[in-house]
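Visitor: Please take me slowly through one part of this model, starting from a single residue and working outwards to what surrounds it.

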Amino acid sequence: MDTIFALSSGAGRSAVAVIRISGPAASDVLARVAGGKPAARVVALRTIRDPVTGEALDRGMVLWSPAPRSFTGEDCAELHLHGSAAVVGAVLKALNGQPGLRPAEAGEFTRRAFLNGKMDLVEAEGLADLLQARTAGQRRQAFRQMSGMASSVFDAWRRQLLLIRADIEAVVDFADEPGVAEEASSGIDARISILATEMSSALQKSAAAEVVRDGVRVVLAGRPNTGKSSLLNALARREAAIVSEIPGTTRDAIEVSLDINGIPVNLTDTAGLRDGAADVVEEEGIRRSRTHIAEADIVVWVWSSDVPGSRTPDGVPGLVVQNKADLDSGLFRNDPMSDDRPLRVSTLTGEGISGLLQKLTAVLQHHYGDVESSLLVSARQTAAVQRSIRLLNDALAVPAEHLEIKAEQIRSSSEEIGRLTGRIGVEEWLGEIFSRFCIGK
């Protein structure tokens, strides 16, 4: 197997840059560039040299982790250097010229860790999610996966299925005895039913967990000129969308990412909905708006008193917000936690914006605030459990006189859980999962 290397810390100027090396030639590489390897898992100060010219490139810390006690399960080394582009570039160039050494591909270090049994596939997915986490909710959810909490539950499911199958096969030898098969099948079916119920309960949370993983899609919708773009800017606290008094200014969707109380939100401003578009561009914008509304997790319908007919949500469920409330006579008061009083905001004065955020936070917490403990967070994981449950239900439908068929259904169900963690046949998923990683991880 090749020995690989890559910059594992972030690109750009930094106090410290980390270059990781993994593979059978890692020891030889350290001998050539750092004058030899230090004691295992002991940081040593060394001069890093170009092995061809002998030029000193930097002075930094070297860490040696021999197999199998390393991240990848292979011989590993790390060079902790000064983080200038010149230093990093010179060291990477020197390494690239060494025999048996090549730059790592995206996710290759983690892929090797998986292949060497240092982590399972669920933990690898959790690590990928953790590297991309933008909010506290995403971080906690990803950490649960990466740390093996979810995998321990999946492994327990698989162990139970293997025990059930073993018990079925033990009974098959006595199936000809009167009443034995029926009695055994009844007890086995009870165990299958309990396990299927447990899996189904985990599955119920999976849709919300996937949303948090990717970001909750909140769409601002309404008639033209009701101030949707102004409301987007107010919520994002920056000028993300062009604002004008000309109806139809927004022709395409504009999206910003927000962190609302730890929950990631993809907030989208859409083109105003109306009949009789001014041109084909606005017509296409309206079509796209309806698509975004249909795919939204939460829709916020925005209306204003100066746009006739804008109050009607056009059959779109969700929060209803009156914008430009400063145009109405008198001061207004919001009760953001009340369901029977309208949400009124003014993007001009800023009044009501905090109340809208409180209401939106409450809605998000209600639907997505308890998904950090979810076991299933990706479409791949959900599909595997769905197939496993379907096979368990098929097993329950098998009559007692056909225990060998029931055993086969249980075997197939356990294989689906095995694929979930990567214990068996998941080659078709490896490229897709590890391509999500950055180079160096």
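Guide: Two residues are said to be in contact, or to touch, when heavy atoms of theirs lie within 4.5 Å. The model is a predicted one, in which local features need pLDDT of at least 70 and side-chain atom pairs count only at pLDDT 80 or more, while totals for chains, interfaces and linings use all residues. Residues are numbered from 1 along each chain as its sequence is written, and side-chain values use heavy atoms, with hydrogens and water left out.

Let us begin at V302, which has its place in strand β10; strands here are DSSP runs of E with at least two residues, helices are runs of H or I with at least four, and both are numbered from the N terminus. V302 has 0% relative accessibility and therefore counts as buried, a word used for under 20% relative accessible area, with exposed meaning over 50% and partly exposed the range in between (1.4 Å probe, protein chains only). Leaving aside residues up to four places away in sequence, V302 touches A221, G222, R223, T226, K228, L231, S310, V321 and N323.

One residue to compare with V302 is N225, which stands 77 residues away along the chain, although the C-alpha atoms of the two are separated by 9.8 Å. N225 is found in the loop that leads from β7 to α9 (228-236), and it has a positive phi of about 70° even though it is not a glycine. Because its relative accessibility is 25%, N225 counts as partly exposed, whereas V302 is buried.

Now widen the view to the sheet, where two strands are said to pair if DSSP finds at least two bridges between them. Strand β10, the home of V302, belongs to an open sheet of 6 strands with mixed pairing, in the order β8-β9-β7-β10-β11-β12. At the edges are β8 (254-260) and β12 (343-344), each of which pairs on one side only. Helix α10 (residues 280-295) packs on this sheet, where it touches β7 (216-222), β9 and β10 (298-304). The direction of α10 makes about 135° with that of β7, the axes being lines fitted to C-alpha atoms, for helices over the stretch in contact, and the angle, on a scale from 0 to 180 degrees, being taken between N-to-C directions.

Follow the sheet next to its β8 edge. Strands β8 and β9 (residues 263-269) run antiparallel and are joined by 7 bridges, and L258 has V265 in β9 as its bridge partner. Strands of a sheet pair through backbone hydrogen bonds, either parallel or antiparallel. In the loop between β8 and β9 lies N261, which, although not a glycine, has a positive phi of about 55°. At 53% relative accessibility N261 counts as exposed, while N225, which also has a positive phi, counts as partly exposed.

For comparison, look also at strand β5 (residues 76-83), which is largely enclosed by the rest of the structure, because 6 of its 8 residues are buried. Strand β2 (residues 14-22) pairs with β5 in the antiparallel sense over 8 bridges, one bridge joining S14 to its partner G83. Strand β4 (residues 56-65) also runs antiparallel to β5, with 5 bridges, and here W64 has A77 as its partner. The loop between β4 and β5 holds P68, and the peptide bond from A67 to P68 is cis, with omega near 0°.
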